[in-house]
Amino acid sequence: MSILCGIPLLECVYCLACARWAWKRCLHTAGHDSETWGVATADEFEPVPRLCRYILAVYEEDLRNPQWEPPGGYGINPDWVKLKRTYNDTQGRAPPYLLYLDHDHSDIVLAVRGLNLAKECDYKLLLDNKLGKRKIDGGYVHNGLLKAAGWVLDSECGVLKELVEKYPSYSLTFAGHSLGSGVAAMLALVVVLNSGKLGNVERKRVRCFAIAPARCMSLNLAVRYADVINSVDDFLPRTATPLEDIFTSLFWCMRDTCTSEDQMIKDPRRLYAPGRLYHIVERKPFRMGRFPPVVRTAVPVDGRFEHIVLSCNATSDHAIIWIEKEATRALSLMLENDGIMEIPEKQKMERQETLAREHGEEHKAALQRAVTLAVPHAHFPSQYGTFDEHVDEGSSSSGHSSSDKSPAIRWNELIERLCEKDGSSRHAVLKRSRTTV
């Protein structure tokens with residue numbers, strides 16, 4: 001028909017479709033993904049710039065004579081550093097890290113450095129994964145990062161247990177950047193699942209701050225552990241899964257762009273940035289330069305940073321130095337907007353309780369949203385605690401055998417196996433089981 005009319009209609013349709021795709025890609029900015037999120041408060045964002053400085057301290061050979069410290073220093077007392085591991089100590093099994101006892105903030109911090117482009121062992125750790133290779137606690141995780149986290153926990157279990165028991169009012173924080181963020185997230189997950197190894201440390205004492213995190217866990221785990229794990233976004237969480245395609249995905253981003261979000265959500269093996277997300281927005285479309293940063297936060301389920309944003313600033317924005325600088329600026333603006341630098345202790349505790357309650361409600365809403373969207377292996381915890389522990393047969397680290405599980409948990413696991421077997425949704429399997437009965 002197009003030949004008879006003398007107009008290449010089919011070719012015109014292709015050109016228009018490509019032009020529309022390119023136009024949407026050019027107009028899409030990082031701020032579009034978080035424009036509906038709430039604005040973070042100074043109380044919840046306060047640890048981010050401080051932990052960024054602790055991560056930067058891992059790069060120093062001698063903390064008493066630092067060579068690369070940021071303006072204002074690292075904020076670290078060298079006498080409170082309990083241990084510091086280098087590549088010689090880890091033998092390539094994990095990135096370098098340090099354990100710091102922060103008495104000023106009542107915190108036990110294990111900080112892990114990011115990817116070293118000159119170290120082959122870091123690449124091996126990052127590339128040690130395939131879709132669906134490792135399953136734990138009813139979801140999928142990055143195999144190499146989980147192995148690294150397990151090695152760190154086994155190596156420092158004695159020291160961590162001693163500190164946790166000696167300082168019962170201190171929180172236990174895992175922090176990392178880039179590759180180290182994935183290890184830190186896996187450490188938080190493993191510690192929560194194996195709390196007995198650290199003297200039955202409570203879940204509410206464990207937290208993680210993953211700076212520019214690698215995708216390391218499936219969507220159901222990312223949402224379920226949002227009360228423990230916090231992520232600060234940049235371009236890395238947007239790159240395609242699996243992580244072995246992390247570099248080629250920057251040049252072949254059309255594949256994920258043309259894939260429907262519903263199809264991506266239905267893939268149980270797809271990995272995501274973990275936990276609650278914090279997004280530092282400092283650029284606007286058609287505007288030059290950086291602007292006063294605004295920090296937005298949420299526990300998203302759909303629209304969870306699936307759009308790859310290509311820009312000339314992608315690599316520089318990923319640097320821990322830039323993230324620390326912008327996080328410090330953002331926190332300063334938050335404190336200025338509050339108008340109160342020092343508040344009474346009672347009022348501060350009330351604000352923290354209110355913040356914790358709001359985060360808890362947002363976390364429950366995200367879990368409910370995941371169930372509504374039929375995210376694979378997603379479930380809403382029972383108010384009676386029946387479904388709080390969801391363990392699969394491939395997770396030996398949970399410490400519970402199948403005979404120790406309640407009938408409700410075993411029934412829930414049976415439903416999930418049936419969903420995996422025939423590809424049906426959870427609703428369809430439950431409906432079919434009621435019909436059979």
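1. A salt bridge here is a side-chain nitrogen of Lys or Arg within 4 Å of a carboxyl oxygen of Asp or Glu. By this rule, the count for this structure, which is a predicted model, comes to 16 salt bridges. The idea behind such a count is that side chains of opposite charge can pair when their charged atoms come close.

2. A good pair to begin with is E46 and R50, which form a salt bridge whose closest N and O atoms are 3.1 Å apart. The two partners should be looked at separately for their exposure: E46 counts as partly exposed, at 28% relative accessibility, whereas R50 is buried, because its relative accessible area of 6% falls under the 20% limit for that word. This pair also belongs to a network of salt bridges, in which E46, R50 and D102 are linked.

3. The second pair to examine is R64 with D79, a salt bridge in which the closest N and O atoms are 2.6 Å apart. Both residues sit in the loop between α5 (47–57) and β2 (81–85), and the pair links distant parts of the chain, 15 residues apart. R64 is exposed, with a relative accessible area of 54%, and D79 likewise counts as exposed, at 55% relative accessibility.

4. A third salt bridge joins D128 and K147, with 3.2 Å between the closest N and O atoms. D128 lies in the loop between α7 (120–127) and β5 (134–136), while K147 lies in helix α8, so the pair ties together parts that are 19 residues apart in sequence. Here D128 is buried, with a relative accessible area of 18%, while K147 is partly exposed, with a relative accessible area of 47%.

5. The last point turns from charged pairs to helix packing, where two packed helices are described by the angle between their axes and the distance between the axes. For helix α8 (residues 143–166) and helix α9 (residues 179–193), the axes come within 8 Å and cross at roughly 65°, and the crossing is right-handed. On the α8 side the contact is made by L145, L146, A148, A149, V152 and L153, and on the α9 side by L179, G182, V183, M186, L187, V190 and V191. When the residues of this contact are divided by type, twelve are nonpolar, one is polar and none is charged. The one polar residue is G182, because Gly is counted as polar, whereas Ala, Val, Leu and Met are among those counted as nonpolar.

Notes. Residues numbered from 1 in each chain as written. Predicted model: local features only at pLDDT ≥ 70, side-chain atom pairs only at ≥ 80, totals over all residues. Heavy atoms only, no water. Axes fitted to C-alpha atoms, helices over the stretch in contact; angles between N-to-C directions. Helix = DSSP H or I, 4+ residues; strand = E, 2+ residues; numbered from the N terminus. Left-handed = near helix turned anticlockwise from the far one by under 90°. Contact = heavy atoms within 4.5 Å. Buried < 20%, exposed > 50% of the residue type's maximum accessible area, 1.4 Å probe, protein only.
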